[in-house]
Amino acid sequence: MGMTMTQKILAAHAGLDKVEAGQLISADLDIVLGNDITTPVAVNEFNKAGFNSVFDKDRVAIVLDHFVPNKDIKAAEQSKTCREFACSHCVSHFYDVGKMGIEHALLPEQGVVTAGDCIIGADSHTCTYGALGAFSTGVGSTDMAAGMATGKAWFKVPSAIKFNITGKLPKNCSGKDVILTIIGMIGVDGALYKSMEFTGDGVKNLSMDDRLCICNMAIEAGAKNGIFPVDEITKEYLSGRSEREPKFFEADADAEYEKTIDINLSEIVPVVACPHLPENTRPASELSDIKVDQVVIGSCTNGRLEDMEAAYNILNGKKVADGIRCIIIPGTMQILRECVERGWYIAFIDAGAVVSTPTCGPCLGGYMGILASGERCIATTNRNFVGRMGHVDSEVYLASPHTAAATALTGYITECKEV
Amino acid sequence: MNTEGKVFKYPDNVDTDVIIPARYLNTPDANELALHCMEDIDKDFVKNVSEGDVMVAGWNFGCGSSREHAPLVIKTCKTGCVIAKSFARIFYRNAINIGLPILECEEAAEEINAGDKVNVDFDTGIIKNLTTGKEYKAQPFPPFIQNIIKCGGLLKSLKEGENNG
């Protein structure tokens, strides 16, 4: 029996010809990542355990993105801990204010992560980089500390669910509608401990931004990782960007999957995940009586250039409805700069939205858009758990940038009809 | 090793945002964070928990964010262990890595009620409900993971490995 794409990458990093589901392995890591919330805990563990140096200063990435520019004194102290650690260990991929972006938008953009990599990150959405044909998974701070010290991590080789993708998305849909639809089908633990391997004829019709968004939310189905095959779109994206030579892996023809789920992109409709779980998906068209107070367009899920473009196409020349706060957060400084250069930034302001520098801020209820009790937000973020964006009695509806921007114009959940 | 205490019962899909809300994550100090453990779904948990008490929950406990602060606050509250029908994978890893005992046992998680008194033996995986008299057996950990737990966490096990050559 052959190996899945994930299993092949893991075998190569464990120095083995073959691995099988359930096997425990120790794998070499290409990148170890942390952010301003998880790194301080890792630094503490790293120091407490008596490690003196990181395994490779070019293979550790520390991105300050959750609470920066620092939201308060305590957050400033956490950033300081990260900064001092990065400085004392000469960490080359340290991203501070002015250079930073939301980690999972930033690292692919900057070519820090590439195809064939084995990556761990102390952030659950580290699974994003599977879009590039890498094995990438979220871990905790202790795993980050061990990874920084040794360049290795232990894994249980996952089994996989295959998603056979066909067709082409309607114009008012994006990768977000695809992954929300899948989570709605299989549930928030539908892929627990497993890989989600996306394949099929329809993959070529998904842009890199769509793929990054789809893999980003694999964790919301409980998955260990999500992964796309490498094709021309991947190669074009990586070209001139990857700082290391990409390595291309593909699943064996006789690879074993626990099951195969067919997804026809042509049949996808704009969907919204209702409170308080990402699996509570419903067609946006059925939710037109839901009034919102706030709209957030951004995050590691949907803060990329195509997301900004979708928001621009819908908001340009129009006005955000009275009483609606519309917050737009480009994912990286480069994306922000593009928004300025292309005139989208002005269009957002003229529409009555605010635009922030990159931050995870409101997605996790940190700052920059906290909800009061009883308030409702439609957001392009990734979680709608109880209290996720603020007060325990507030509500988050998850949607695509198209649906969120269309909703900003009406104040009620609105399916985007024209793009 | 074992623990004995009263049960706090929780539903399916308890996420790390309710175990420790992100609004408090501007500090890595476990004692300060622990004051807010479970606050958004059980605001009296911190007040009512005693050393050795046991959390019992449904499927997919600890889903969502990778924050290690979640198992850390549960441990810092002196909770003896968490029993669930299943755990989200990052929480599972983190709990082992920091030395918070967790056990997967569907039947126990289904039948044990809030307030019951239980005794849990981590070495054998035997869960005794002292209130009803019923006994359950949880899945044992694979030896590799047992070694991490025995060493007192991942980093200690790595150090031990180094020392052993």
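A polar contact here is a pair of N or O atoms within 3.5 Å, where, within protein, one atom must be able to donate a hydrogen and the other to accept it. With that in hand, here are the close-ups, all taken from a predicted model.

**View 1. Polar contacts and salt bridges link chain B and chain A.** Between the two chains there are 19 residue pairs in polar contact, with both residues at pLDDT 80 or more. The count of salt bridges between chain B and chain A is 3. For one to look at, try D143(A) and R93(B), whose side chains meet in a salt bridge at 2.7 Å, N to O.

**View 2. Helices on the chain B side of the contact.** Look for α1 (16–19), α5 (89–98), α7 (143–151) and α8 (154–163) of chain B: these are the elements that give two or more residues to the side touching chain A. The largest share comes from α5(B), with 7 residues. Sorted by class, this side of chain B has 18 nonpolar, 11 polar and 12 charged residues.

**View 3. The whole contact between chain B and chain A.** Stepping back a little, 41 residues from chain B and 51 residues from chain A take part. Together the chains bury about 3600 Å² between them, and carbon and sulfur atoms give 60% of that area.

**View 4. Q294(A) and its surroundings.** Q294(A) sits in strand β14 of chain A, which covers residues 294–297. Is Q294(A) buried or exposed? It counts as buried, because its relative accessibility is 2%, below the 20% cut-off. The side chain of Q294(A) makes a polar contact of 3.3 Å with the side chain of R325(A). Leaving aside neighbours within four places in sequence, the residues touching Q294(A) are R325(A), I327(A), G369(A), L371(A), R376(A), C377(A), I378(A) and M389(A).

**View 5. C377(A), a buried cysteine without a disulfide.** C377(A) is one of the residues in contact with Q294(A). With a relative accessible area of 0%, C377(A) is buried. Why no bond to C326(A), which holds the closest cysteine sulfur? The two sulfurs are 9.4 Å apart, so they are too far from each other for a bond; a disulfide needs them within 2.5 Å.

**View 6. C360(A) and C300(A), also unbonded.** For C360(A), the closest cysteine sulfur belongs to C300(A), and at 6.5 Å that is too far for a bond. C360(A) counts as buried, because its relative accessibility is 12%. Over all chains, the structure holds 0 disulfides.

Conventions:
Residues numbered from 1 in each chain as written. Chains lettered and ligands numbered in written order. Predicted model: local features only at pLDDT ≥ 70, side-chain atom pairs only at ≥ 80, totals over all residues. Heavy atoms only, no water. Helix = DSSP H or I, 4+ residues; strand = E, 2+ residues; numbered from the N terminus. Buried < 20%, exposed > 50% of the residue type's maximum accessible area, 1.4 Å probe, protein only. Contact = heavy atoms within 4.5 Å. Buried area = accessible area lost by both parts, 1.4 Å probe. Salt bridge = Lys/Arg side-chain N within 4 Å of Asp/Glu carboxyl O. Nonpolar A, V, L, I, M, F, W, Y, C, P; charged D, E, K, R; others polar.
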